[in-house]
Amino acid sequence: MRRPLPKLPSWLPVDGYVLALVGTVALAAVLPARGPAATVAEGTSTSAVALLFFLYGARLSTREAMAGLRHWRLHLTVLACTFVLFPVLGLAARALVPAVLPPALYTGLLFLCLVPSTIQSSIAFTSLARGNVAAAICAGSFSSLVGIVVTPLLAGLVLHGSGGGLSADALLSIVCQLLVPFAAGQLLRRWVGGFLVRHKEALGTVDRGSILLVVYTAFSAGMVEGIWHQVSAPRLLGLLGVEAVLLAVMLTTTSYGAKRLGFPREDRIAITFAGSKKSLAAGLPMASVLFGAQAGLAVLPLMLFHQMQLMVCAVLAKRYAATARQAVEPTAAAAGAGREAAPAMGGSGTRG
């Protein structure tokens, strides 16, 4: 007889997926992808993201997609968090230079605050937390498209550098990896949509696997470039502390702010995950354009923040899902009790 897999004790502050993320980072540190292996890892990661968006496009009905597009208040809220509140907090962190952050790391932190929101992990966590997935898809896509123009312009303004935009190749890459697979999934939905809806577990595996693959590829690149040796341990710890505060402020603001604005629970979840996250996939090509040879050190804060947000949001999404289950179970139990009471009452009347 097969024994069930051991489960982590409930008192541990992390779950299995968070440990998988930590293990992925450790694997990248010990065995980073180099040379041909790095090329394979990058290509596989790109394909996994494209497959993820194809699956979401195939599962999402056109009616749900149009409903998400019409949700303009939610999208404006996410854009305001991404391109207004984040940059304001980044500028406020200038007071930490040089006591806590050296100028080079602060430049990277400020660039982090200008990057658009992530898409794939926001969708995955919103889905896991039982939030508005359609809105998360649209909000993340809008943020990425707006960021193509806004991020370089903001960087040119607040970093006192050139505000040149992304190259046509980078724009084409975004379109090919995200929008084209999603559109293809929509077109083929009538043939494959039912099969994917019946196999949600497989889709969840793709969600988590794609995130792990992106994390491994990004941290492998950092290890190969040797960016970890350019910063001392105390400065690195200071950066981690600042980013932890930044993430906590954004998660709190998006969660309670969305509630004060009157959004329902499903929309608040989408706003929390889309409005508090930053895209490593979008930030890396932008940094290569804006910083050139210094891009490695400039994206170090973004890489650390990306990993931190994945860990924290994995736990947060699990808690949202558990809360949703707890809210559904009493309702189902009450409905079952009502169905049992009805025959009992009928039987008593017959005997009397």
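Of the contacts in the chain between residues at least 6 apart in sequence, 85% join residues at least 24 apart. The model is predicted. The chain holds 15 helices and 0 strands, and buried residues account for 45% of its 352 residues. The points below cover helix packing, the nonpolar cores, helix 6 and some single residues.

**Helix 4 against helix 5**

- Helix 4 spans residues 72–92 and helix 5 spans residues 103–114; their axes come within 7 Å and cross at roughly 165°.
- An angle over 145 degrees counts as roughly antiparallel, and helix 4 and helix 5 are therefore roughly antiparallel to each other.
- The crossing in which helix 4 passes helix 5 is right-handed.
- On the helix 4 side the contact is made by Thr-82, Phe-83, Phe-86, Pro-87, Gly-90 and Leu-91, and on the helix 5 side by Tyr-106, Leu-110, Cys-113 and Leu-114.
- By class, the residues of this contact of helix 4 with helix 5 are 8 nonpolar, 2 polar and no charged.
- The loop between helix 4 and helix 5 contains Pro-98.
- Val-97 and Pro-98 are joined by a cis peptide bond, with omega about 0°.
- Most peptide bonds are trans.

**Helix 5 against helix 11**

- Helix 5 also packs with helix 11, at an angle of about 25° and with the axes 11 Å apart.
- Angles under 35 degrees count as roughly parallel, and helix 5 and helix 11 are therefore roughly parallel to each other.
- Helix 5 and helix 11 make a right-handed crossing.
- From helix 5, Leu-105, Leu-109, Leu-112 and Cys-113 meet Arg-235, Leu-239, Val-242, Glu-243 and Leu-246 of helix 11.
- The contact of helix 5 with helix 11 comprises 7 nonpolar, no polar and 2 charged residues.
- Cys-113 is listed in the contact with helix 4 and in the contact with helix 11.

**Helix 11 against helix 12**

- Helix 11 (residues 233–260) packs with helix 12 (residues 265–275) at an angle of about 155°, and their axes are 9 Å apart.
- Helix 11 and helix 12 are therefore roughly antiparallel to each other.
- Their crossing, helix 11 with helix 12, is right-handed.
- Helix 11 contributes Met-250, Leu-251, Thr-254, Ser-255, Ala-258 and Lys-259 to the contact, and helix 12 contributes Arg-268, Ile-271, Thr-272 and Gly-275.
- The contact of helix 11 with helix 12 has 4 nonpolar, 4 polar and 2 charged residues.

**Nonpolar cores**

- The largest nonpolar core has 53 residues, and those with the most contacts inside it are Leu-101, Tyr-106, Leu-109, Phe-111, Phe-125, Leu-246 and Phe-273.
- Helix 15 (residues 300–351) supplies the largest share of this core, 11 residues.
- Another core, of 18 residues, lies apart from the largest one; among its residues are Leu-74, Ile-137, Phe-182 and Ala-270.
- Residues up to four places away in sequence aside, Phe-273 touches Ser-122, Phe-125, Thr-126, Ala-129, Cys-313, Leu-316, Ala-317 and Tyr-320.
- Tyr-106 and Leu-109, named in the largest core, also appear in helix 5 contacts: Tyr-106 in the one with helix 4, and Leu-109 in the one with helix 11.

**Helix 6 and the residue after it**

- Helix 6 (residues 120–128) has 7 of its 9 residues buried, so it is largely enclosed by the rest of the structure.
- The buried residues of helix 6 are Gln-120, Ser-121, Ser-122, Ile-123, Ala-124, Phe-125 and Thr-126.
- Ser-122, Phe-125 and Thr-126 are among the residues touched by Phe-273.
- Arg-130 comes just after helix 6, in the loop between helix 6 and helix 7 (133–158).
- Although Arg-130 is not a glycine, its phi is positive, about 65°.
- Most residues other than glycine have a negative phi.
- Arg-130 is partly exposed, with a relative accessible area of 40%.

**Two buried residues**

- Thr-24 lies in helix 1 (residues 16–30) and is buried, with a relative accessible area of 10%.
- Beyond its neighbours within four places in sequence, Thr-24 is in contact with Leu-212, Val-215 and Tyr-216.
- Lys-278 sits in the loop between helix 12 and helix 13 (280–291).
- The relative accessible area of Lys-278 is 0%, and the residue is buried.
- Lys-278 and Thr-82 are 196 residues apart in sequence, yet their C-alpha atoms are 8.1 Å apart in space.
- Thr-82 is also one of the helix 4 residues in contact with helix 5.

Conventions. Residues numbered from 1 in each chain as written. Predicted model: local features only at pLDDT ≥ 70, side-chain atom pairs only at ≥ 80, totals over all residues. Heavy atoms only, no water. Axes fitted to C-alpha atoms, helices over the stretch in contact; angles between N-to-C directions. Helix = DSSP H or I, 4+ residues; strand = E, 2+ residues; numbered from the N terminus. Parallel < 35°, antiparallel > 145°, perpendicular 65-115°, else oblique. Left-handed = near helix turned anticlockwise from the far one by under 90°. Contact = heavy atoms within 4.5 Å. Nonpolar A, V, L, I, M, F, W, Y, C, P; charged D, E, K, R; others polar. Buried < 20%, exposed > 50% of the residue type's maximum accessible area, 1.4 Å probe, protein only. Core = buried A, V, L, I, M, F, W, Y, C linked by side-chain atoms within 4.5 Å.
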